[in-house]
Amino acid sequence: MTGADDTGAVRLRTMTAADLPAVLRLERVMFPEDAWTEEMLRGELADQPRTRHYVVAEELPAAPPGEAGASAATAASGEIIGYAGLSAAGGQADVQTIGVRADRRGAGIGAALLTELLGEATRRGTEAVFLEVRADNDGARLMYERFGFERVGLRKRYYQPSGVDAIVMCLTLRRRAAMGFTREEQ
């Protein structure tokens, strides 16, 4: 994925413990009232890949003139500008978090992160993916709706200390076959 401006390419890769300082800096800027702690993120990564899938969006330095852009960008590491995480077990998945640095929003990075999470949920045989989104975050809610998520509930005053409601959304990836007896069989 390449940005629409003169910055380098953006690639997604698996989040590691080495990424935590950069991810935590972003977390505190993007979600100052309810930022995850280092212990919380370490706990999530400890369950990777068993029940978790965390990725970072990394903006790679632009290739110097005269160098092949793709090969130079592939070898370099860059600045983390976004991240996302998925919890998946028992046929259900939950988007734990998605964040993109404010100056890079609107460039498709959030959509790329969500696409990666949904792809992982599909690879794991997940039937449905759930998430909570702040009721005051119209941009994120609209992105989720574009992906087919539907509102299924509301958690009043979920985000603390602000007291903002959480809209619960769900995307059905596949239908479960009926189990048990039907009326005709009883």
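Reader: Which exposed residues does helix 2 carry on the face turned away from its buried side?

Author: In this predicted model, helix 2 spans residues 38-46 and has L41, E44 and L45 as its buried residues. These cover an arc of only 95° around the axis, which puts them on the same side of the helix. The face turned away from that side carries the exposed residues E39 and A46.

Reader: Against which elements do the buried residues of helix 2 pack?

Author: The residues concerned are L41, E44 and L45. Their packing partners are one helix and two strands: helix 1 (20-30), strand 2 (52-59) and strand 4 (92-100).

Reader: With which residue does R52 form a salt bridge, and are the two partners buried or exposed?

Author: The closest N and O atoms of R52 and E44 are 2.7 Å apart, and a salt bridge requires such atoms to lie within 4 Å. R52 therefore forms a salt bridge with E44, given that cut-off. As for their surroundings, both R52 and E44 are buried.

Reader: How exposed is R50, which forms a salt bridge with D47?

Author: In the salt bridge between R50 and D47, the closest N and O atoms are 3.1 Å apart. D47 counts as partly exposed because its relative accessibility is 23%. R50 is exposed, since its relative accessible area is 61%.

Reader: Which element supplies the largest share of the largest nonpolar core?

Author: In soluble globular proteins, nonpolar side chains tend to be buried together. Here the largest nonpolar core has 27 residues, and Y144 and F149 have the most contacts inside it. Several elements each supply at least two residues, including strand 2, strand 4 and helix 5 (138-146). The largest share, six residues, comes from helix 4.

Reader: Which residues does Y144 touch, not counting those up to four places away in sequence?

Author: Y144 is one of the residues with the most contacts inside the largest nonpolar core. With residues up to four places away in sequence left out, Y144 touches I98, L114, L131, V133, F149 and M169.

Reader: Which strands are the edge strands of the sheet?

Author: Seven strands form an open sheet with mixed pairing, in the order 1-2-3-4-5-7-6. An edge strand pairs on one side only, and this holds for strand 1 (10-14) and strand 6 (150-159).

Reader: Which residue of strand 7 stands opposite E150?

Author: Strand 6 and strand 7 run antiparallel and are joined by six bridges. E150 belongs to strand 6, which covers residues 150-159. Opposite E150, in strand 7, stands C170.

Definitions and conventions: Residues are numbered from 1 along each chain as its sequence is written. This is a predicted model: local features need pLDDT of at least 70, side-chain atom pairs count only at pLDDT 80 or more; totals for chains, interfaces and linings use all residues. Side-chain values use heavy atoms; hydrogens and water are left out. Buried means under 20% relative accessible area, exposed over 50%, partly exposed in between (1.4 Å probe, protein chains only). Helices (H or I, at least four residues) and strands (E, at least two) are DSSP runs, numbered from the N terminus. The arc is that of the directions from the helix axis to the C-beta atoms. Contact means heavy atoms within 4.5 Å. A nonpolar core is a set of buried Ala, Val, Leu, Ile, Met, Phe, Trp, Tyr and Cys residues joined through side-chain atoms within 4.5 Å. Two strands pair if DSSP finds at least two bridges between them. A salt bridge is a side-chain nitrogen of Lys or Arg within 4 Å of a carboxyl oxygen of Asp or Glu.
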